[in-house]
Amino acid sequence: MTAISLYLIVASFGYSTYGDEVESDILVNYPENYLTSTARLFVSLLVAFSYPLQAHPSRRCILTLIAALDRGKEQPSIRVQSMRYVIVTIGFLGFSLILGLAVSDLGIILSLVGATGSTIVSYILPGFFYYLTFKHLEGPEWKRRLALAQGVLGLIIIPVCLTFIFV
């Protein structure tokens, strides 16, 4: 609750100050002074410390998928598992570096991720998973229909959001 409150305060001040001219990185709009330099420092610390937290589940997922391909085979040695861990980690870091060097403004990237990835995770997958999971179980039918409506709503939200981004 604290985080959303802070985000809303910063977003409100940025929009009230610059209106539609606000950049995707709000700190770019403000003048160079001690306060904005401090804010940039804290944003840098936030990114530096949140990257491992975001990379860990992705790396774990990829390593689990690789392990699933090994089913029925002999268990890989600790050395092989460690090598996979290092390779996947270097892959994530390398991809992040290339993306960071290639893209000067992450605004469009974050917009695309929000329009597609967040909508899929928040609307489409929960709605359709609930609808399919409780297909043959007893329970109120209205919940299944509501879940289906949520999934369909997500399928409508994605193209609408992408239209607003690119038009």
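Me: How far does helix H1 (residues 2–18) reach from its first C-alpha to its last, and what is expected?

Reply: Happy to start there! H1 has 17 residues and reaches 24 Å, close to the 24 Å expected at 1.5 Å a residue; the expected span is 1.5 Å times one less than the number of residues. This is a predicted model, where local features need pLDDT of at least 70, side-chain atom pairs count only at pLDDT 80 or more, and totals for chains, interfaces and linings use all residues. Residues are numbered from 1 along each chain as its sequence is written, and side-chain values use heavy atoms, leaving out hydrogens and water.

Me: What phi does Gly19 take just after H1?

Reply: A positive one, of about 60°.

Me: How many helices and strands are there in the protein chain?

Reply: Six helices and zero strands, counted as DSSP runs (H or I, at least four residues, for helices; E, at least two, for strands) numbered from the N terminus. Along the sequence the pattern reads α-α-α-α-α-α.

Me: Why is the protein chain called more spread out than a compact globule?

Reply: Its radius of gyration is 22 Å, well over the 15 Å that the globule rule gives for 167 residues, so the description fits. The radius is taken over C-alpha atoms, and the rule is 2.2 Å times the number of residues to the power 0.38. Along its principal axes, the C-alpha trace spans about 60 × 50 × 35 Å.

Me: What makes H5 and H6 roughly antiparallel to each other?

Reply: The axes of H5 (residues 107–133) and H6 (residues 141–166) come within 7 Å and cross at roughly 165°. Angles over 145 degrees count as roughly antiparallel (under 35 roughly parallel, 65 to 115 roughly perpendicular, the rest oblique), so these two helices are roughly antiparallel.

Me: And why is H3 called oblique to H4?

Reply: The axes of H3 (residues 34–69) and H4 (residues 78–102) come within 10 Å and cross at roughly 130°. That angle makes H3 oblique to H4.

Me: Which residues of H3 and H4 meet?

Reply: With contact meaning heavy atoms within 4.5 Å, Tyr51, Ala55, Ser58, Arg59, Ile62, Leu63 and Ile66 in H3 meet Arg84, Tyr85, Val88, Thr89, Phe92, Leu93 and Ser96 in H4. By class, this contact has nine nonpolar, three polar and two charged residues (Ala, Val, Leu, Ile, Met, Phe, Trp, Tyr, Cys and Pro count as nonpolar, Asp, Glu, Lys and Arg as charged, the others, Gly among them, as polar).

Conventions. Axes are lines fitted to C-alpha atoms, for helices over the stretch in contact, and angles run from 0 to 180 degrees between N-to-C directions.
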